[in-house]
Amino acid sequence: MTNYLSKAPGFPDVVTFDVADGSFEFYTKDAFEQYVDNLRNDLVNEGLVESDEGLDVDDVLSMALGDEVFWDWMPGPAE
């Protein structure tokens, strides 16, 4: 997946979509990485995964939130 960061302060870099309730959430790159790390830590604390497992973002979101949550990089500014 190509990363098209906006590089504009205050604008989101990542969007998530929850099919179950139709909601969107927007994150900066740093906030999204922290969100995923928190979910990963919750999975470890609940004993669902080993802390050394190499789970990528898709794996973490799927295990923590189910298959109804999708994410993608926001498009950059039009040229």
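1. Helix 1 of this predicted model runs over residues 29-45, and its length can be checked against its residue count: at 1.5 Å a residue, its 17 residues should span 24 Å, and because the C-alpha atoms at its ends are 24 Å apart, the two values agree. Just after the helix comes G47, a residue with a positive phi near 75°.

2. The next point concerns the two sides of this helix. F32, V36, L39 and L43 are the buried residues of helix 1, and because they cover an arc of only 60° around the axis, they lie on the same side of the helix. This fits a general rule, namely that an α-helix has 3.6 residues a turn, so residues three or four places apart point the same way. D30 and N45, by contrast, are exposed on the other side of helix 1.

3. What covers the buried residues of helix 1? The cover includes strand 1 (14-18), strand 2 (23-27), helix 2 (57-65) and strand 3 (69-73). As for its direction, helix 1 lies across strand 1, strand 2 and strand 3, and it runs at about 115° to strand 2.

4. For a reader who wishes to place these elements in the chain, there are two helices and three strands, and their order from the N terminus on is β-β-α-α-β. The chain has 79 residues, of which 22% count as buried. Among the contacts in the chain with a separation of 6 or more, 51% are accounted for by residues 24 or more positions apart.

5. The three strands form an open sheet, in which the order is 2-1-3 and the pairing is antiparallel. Strand 2 and strand 3 are the edge strands, since each of them pairs on one side only. On average, and with direction ignored, neighbouring strands of this sheet are turned by 20° against each other. In general, the strands of a sheet pair through backbone hydrogen bonds, either parallel or antiparallel.

6. The pairing can be followed residue by residue on both sides of strand 1. With strand 2, strand 1 pairs in the antiparallel sense over five bridges, and here V14 stands opposite Y27, while D18 stands opposite S23. The hairpin of these two strands has four residues between the strands, and G22 in this hairpin takes a positive phi near 75°. With strand 3, strand 1 also pairs in the antiparallel sense over five bridges, and the bridge partner of D18 in strand 3 is V69.

7. T16 deserves a closer look, as a residue placed in strand 1. Is T16 buried or exposed? Its relative accessibility is 8%, and because buried means under 20%, T16 counts as buried. If its neighbours within four places in sequence are left aside, T16 is in contact with S23, F24, E25, Y27, F32, V69, F70 and W71. One of these contacts, Y27, is eleven residues from T16 in sequence, and the two C-alpha atoms are 8.4 Å apart in space.

8. Strand 3 shows an alternation of its side chains, in that V69, W71 and W73 point to one face and are buried, whereas F70 and D72 point to the other face and are not buried.

9. The final point concerns the aromatic rings, of which the structure holds six pairs. Why is the pair of W71 and W73 called edge-to-face? The centres of these two rings are 5.8 Å apart and their planes stand at 75°, and because planes over 60 degrees apart count as edge-to-face, the pair falls into that class. Both W71 and W73 are buried. Ring pairs link these two residues with Y27, F32 and Y35 into a cluster; among its members, F32 is one of the buried residues of helix 1.

Note on methods
Residues numbered from 1 in each chain as written. Predicted model: local features only at pLDDT ≥ 70, side-chain atom pairs only at ≥ 80, totals over all residues. Heavy atoms only, no water. Expected span 1.5 Å × (residues − 1). Buried < 20%, exposed > 50% of the residue type's maximum accessible area, 1.4 Å probe, protein only. Arc of directions from axis to C-beta. Contact = heavy atoms within 4.5 Å. Pairing = 2+ DSSP bridges. Phe/Tyr/Trp six-rings, centres within 6.5 Å; stacked < 30°, edge-to-face > 60°. Axes fitted to C-alpha atoms, helices over the stretch in contact; angles between N-to-C directions.
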